[in-house]
Amino acid sequence: MYFQRLRKQSLHHDKVAKASWCYPDGTQIPYGVIIICLVLFMIGAFSRTQFQPLRLPYPPGPPPSSWLGGNIKDVPGIKPWLRYTDWKKRYGNLVHFRIYGQHNIIVNDYDTAVELCEKRSNVFSDRPSTTIIDLMGWDFSTALKPYGDHWRVERRMFQQAYKPDVVMSYWDIQTQKVQDLLYGLLTTPNDFRNHIKTVAAAVIMSVVYSHDISPKDDYYVKLAEATVGKLSESIFPGAAMVNAIPILRHLPEWFPGAGFHTFAREARKLTDQMLNAPIAMVEKKMENGTAQPCLASELLSTCKNEKDRMHTKCVCATSYAAGADTTVASIEAFFYVIAKYPDVQRKAQEEIDRVIGNDRIPTFNDRSSLLYVEALFREVLRWMPALPLGLAHGTSADDIYEGQYIPKGASIIVNTWAMTHNPDVYPDPDTFNPDRFFTEDGKLNDDEVLYTFGFGRRVCPGRHLASNTIWLTIATVLALFNMGKKMDADGNEIPVEADFTTGLMTHPFPYECSIVPRSDVAERLILDA
Ligand code: HEM
């Protein structure tokens, strides 16, 4: 029965997996043999990771708490960036730890990140291979692709689509979608978290697929959210195990501990739909002549073969996967801090009133005149970086840094949080204080906190688009609304207090705040926009 089951399952898997369980003549290999081979292979593979060819020390780090799992128990499930920042005090800017056979190097300061990810970008531009992510079909994502030809082609497409002069052509879309957000805040302020999610999704869906999302339950947005949600869920012990010991991917689904296969299979279905459904919609519109210009239609019209079409699908789907929730995280952080820091809000509003008056809504053309708003924007990125641990780089060769050994295949975790909360650079780092970006003579300093968008050849190509959406939201919301604490039924203020979630991206947990238009004029401006 097991054999039948395995055969059935193997229909779902790729050819490699099928071949692994049969002799060349097609006879099934007994499971006992397979398991013994797997165990031997794992021990062999694991021992190889322990072998240190150069006899140089790894960077310092916490001693492993178990021979097999290494430091698996030392990495907390909640906000690991705080533990890593603690390790910086004990071990320094470069910290090594191991989980099963996977070597991890935490980079805790800006200069070391530049040295490794930028100056040595020929070695430090890979991504760590993550088996569960491949099994889930997420290897479509340009952001997760290994440093190689496929990534290079798509990276070029990204750079073309989102370079500074091209993103200016998206200003109208962004203005329209931010106006929708303002209207939402005016009419249903308690629903502000949904409005924030909508603005980020609406900008990307419009830029990429020329799709105007429906305000509620948009099919494509729900699909993308469910797919991205699976990615966040993919951090569970079974997944960690198969990531660290990739050979385990060949375990049959029924095998104890191989439940990751079931999870991955379900996730893969969603991933395929997210990749294909919106592109099919654009292609249909192109066929019947109703397609509006957008990134997908532009790229599709230049495709010469199926390979080009595949790259187009990957770039378009990655735009949403990498660009929506990151933008949401930063806008949510802005809403949270503004409700918490009334003095900052007042100062920003004074500047907006003084520079542009209160009879129009700020536009992108005002950006260079609103210095305090710019400082506030930077402080949002710094105070709560959307990706506190960036996106891990990988090493494509062995390397030596200051006499310490960094092996090929190591995961390089850029601890952005430690950088944005380095008290030597940002005194009193937990306080939200835009003034820290001004020089003594009242000019903006040159720290644009751009490193929150990553380093080197893998730096975020969507940073200009993201910066524009976030800035316009900040400037217009400050110009038109007052945010602050809500009152309870007894007239007492409800404190604005929320912790932030753990994940690749971090968001505030739900909290309450009041959002009211600053004046009748502000209300009219929103309604007339
Ligand atoms: C606040 C918003 C955003 C933040 C904080 C952010 C941050 C980041 C970070 C930290 C990385 C990893 C960089 C590295 O590996 O060193 C990254 C990569 C990436 N981002 Fe963004 N991002 C944002 C918005 C966007 C948007 C709007 C798009 C697309 C339209 C986008 C597309 C990408 C892509 C494709 C990559 C992978 C690049 C590669 O691997 O070559 N991001 N982003």
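Reader: Where is the place of C460?
Author: This model is predicted. In it, C460 lies in the loop between α18 (416–420) and α19 (463–480).

Reader: What makes C460 (SG) a donor to the iron atom of the ligand?
Author: The distance. C460 (SG) is 2.3 Å away from the iron. A sulfur counts as a donor within 2.8 Å of the metal, so C460 qualifies. The protein gives that iron a single donor.

Reader: How do you know that C303 is in no disulfide?
Author: The structure holds zero disulfides. For C303, the nearest cysteine sulfur is that of C316, 9.1 Å away. A disulfide needs two cysteine sulfur atoms within 2.5 Å, so this pair does not count.

Reader: Why is C303 called partly exposed?
Author: Its relative accessible area is 23%. Partly exposed runs between the 20% and 50% cut-offs, so C303 falls there.

Reader: Why does C513 count as buried?
Author: C513 has 4% relative accessibility. Buried means under 20%, so C513 is buried.

Reader: Why is strand β2 called largely enclosed by the rest of the structure?
Author: Six of the six residues of β2 (residues 102–107) are buried, so the strand is largely enclosed. Q102, N104 and I106 point one way, and H103, I105 and V107 the other way. In a regular strand, side chains alternate between the two faces of the sheet.

Reader: How do you know that β1 and β2 pair?
Author: Six bridges join β1 (residues 94–99) to β2, and the two run antiparallel. Pairing takes at least two bridges, so they pair. One bridge links H96 to I105.

Reader: What makes β6 a partner of β2?
Author: Four bridges join β2 to β6 (residues 411–414), running parallel. At least two are needed, so this is a pair too. I106 has I413 as its bridge partner.

Notes:
Residues are numbered from 1 along each chain as its sequence is written. This is a predicted model: local features need pLDDT of at least 70, side-chain atom pairs count only at pLDDT 80 or more; totals for chains, interfaces and linings use all residues. Side-chain values use heavy atoms; hydrogens and water are left out. Donors are N, O and S atoms within 2.8 Å of the metal (3.2 Å for Na, K and Ca); water is not among the atoms, so sites may look incomplete. Buried means under 20% relative accessible area, exposed over 50%, partly exposed in between (1.4 Å probe, protein chains only).
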